[in-house]
Amino acid sequence: MKQHWKFFASAAAALVWLWVSAALAVPWVRGAALHLPFAYVVFVVAGVALLPAYLMGAMFLSNLLHRKLPPRFHPGCRPVSVIVCARNEEKGIYGTIGSIARQQYDGRVTILCVDNGSTDGTLAEMRRAAADFSLPGRVIRLYGCCEPGKARALNEGLRHVRDEYFVTVDADTRLETSALAAIVGRIAATGAGCVAGNLVSAGARTWVQKMQFWDHFVSIAAIKRYQGSYGATLVAQGAFSAYETAAVRAAGG
């Protein structure tokens with residue numbers, strides 16, 4: 001019930017914001033309608049300004065009401081598999097595997113690296129990472145998937161998962177040291193079929209990269225937090241998400 005009032009409160013406040021926005025847009029519509037068809041102007045203003053105003057307002061207010069983050073559940077020594085698929089990712093795959101191997105995680109971590117028919121030095125970099133980062137509690141295994149396609153590569157990795165939960169990580173994703181404990185702890189505590197991780201674009205320097213950072217922040221971090229507050233996350237992105245192995249296999253991979 002507590003979540004319900006937060007949802008309705010944020011939606012109601014966003015409707016008020018929509019009404020204010022519509023009132024402020026009236027002179028804009030009238031001025032533009034002198035030069036363009038009235039119906040077209042209304043359609044554009046509603047689509048470009050008013051509808052986004054409502055959606056962003058509802059999301060912002062809801063996230064504000066949920067600003068206190070839930071506690072991170074400790075997963076104990078629960079073993080987990082991490083699937084990393086790569087095709088021609090020679091430049092970044094070594095660092096990605098390293099960020100997984102260096103996780104502050106008490107349980108056993110099995111890193112399943114799937115080379116998806118790379119034509120560069122990706123496989124060699126995987127082997128180098130396996131040699132450098134194989135530690136007690138960190139098992140790194142290499143597999144090949146000849147047919148191109150990320151779905152095929154992920155299913156090849158899934159075929160070798162022996163743990164209750166597995167995590168997918170993209171070849172260009174870098175994990176914070178507590179990321180694995182947080183996401184596995186969350187899925188283990190909630191009993192969900194999958195949990196979406198929080199992603200941001202790192203190292204933004206140019207204007208294009210900064211735009212990408214904010215695109216990721218709004219489209220993934222903010223919206224996922226909004227959806228997740230009500231247990232209604234629509235997409236678990238492959239770049240970093242946790243899954244219940246049995247549930248994914250039951251769905252056909």
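Helices H2 and H7 are oblique to each other in this predicted model. Their axes approach within 9 Å and cross at roughly 60°, an angle that falls in none of the ranges counted as roughly parallel, antiparallel or perpendicular and is therefore classed as oblique. The handedness of the H2 and H7 crossing is left-handed. On the H2 side, the contact is formed by Met 56, Ala 58, Met 59, Ser 62 and Asn 63, and these residues meet Val 218, Ala 222, Ile 223, Arg 225 and Tyr 226 of H7. Sorted by class, this contact comprises seven nonpolar, two polar and one charged residues. H2 covers residues 38-65, and H7 covers residues 207-228. Confidence in the chain is lowest in H7, with a mean pLDDT of 81, whereas strand E4 (residues 165-170) has the highest value, 96. For the chain as a whole, the mean pLDDT is 88, and 95% of the residues reach 70 or more.

The chain contains eight helices and six strands. Their order along the sequence follows the pattern α-α-β-α-β-α-β-α-β-α-β-α-β-α. The C-alpha trace spans about 70 × 45 × 35 Å along its principal axes. Of the 253 residues, 38% count as buried. Among contacts between residues at least 6 apart in sequence, 80% join residues that are at least 24 apart.

A second helix pair is formed by H3 (residues 93-101) and H4 (residues 122-133), whose axes come within 9 Å and cross at roughly 30°. H3 is therefore roughly parallel to H4, as the angle lies under the limit of 35 degrees. The crossing of H3 and H4 is right-handed, whereas that of H2 and H7 is left-handed. From H3, Ile 93, Tyr 94, Ile 97, Gly 98 and Ala 101 take part in the contact, and they meet Thr 122, Glu 125, Met 126, Arg 128, Ala 129, Asp 132 and Phe 133 of H4. This contact has seven nonpolar, two polar and three charged residues.

Thr 96 also lies in helix H3. With a relative accessible area of 0%, Thr 96 is buried, since the limit for this class is under 20%. Residues up to four places away in sequence aside, Thr 96 touches Val 84, Val 169, Asp 170, Ala 171, Asp 172, Thr 173 and Arg 174. Among these partners, Val 169 and Asp 170 fall within strand E4, residues 165-170, and Val 84 falls within strand E1, residues 80-86.

Strands E1 and E4 are also among the elements that cover the buried residues of helix H5. H5 spans residues 150-159, and its buried residues include Ala 153, Glu 156, Gly 157 and Leu 158. The cover further includes strand E2 (109-115), strand E3 (138-144) and helix H8 (245-250).

Trp 28 is located in helix H1, which runs over residues 2-33. At a relative accessibility of 48%, Trp 28 counts as partly exposed, because a residue must be over 50% to be classed as exposed. Apart from neighbours within four places in sequence, Trp 28 is in contact with Val 45 and Ala 49. Both of these residue positions lie in H2, residues 38-65. Trp 28 and Val 45 are 17 residues apart along the chain, and their C-alpha atoms are separated by 8.6 Å.

How values were computed:
Residues numbered from 1 in each chain as written. Predicted model: local features only at pLDDT ≥ 70, side-chain atom pairs only at ≥ 80, totals over all residues. Heavy atoms only, no water. pLDDT = per-residue confidence, 0-100. Helix = DSSP H or I, 4+ residues; strand = E, 2+ residues; numbered from the N terminus. Axes fitted to C-alpha atoms, helices over the stretch in contact; angles between N-to-C directions. Parallel < 35°, antiparallel > 145°, perpendicular 65-115°, else oblique. Left-handed = near helix turned anticlockwise from the far one by under 90°. Contact = heavy atoms within 4.5 Å. Nonpolar A, V, L, I, M, F, W, Y, C, P; charged D, E, K, R; others polar. Buried < 20%, exposed > 50% of the residue type's maximum accessible area, 1.4 Å probe, protein only.
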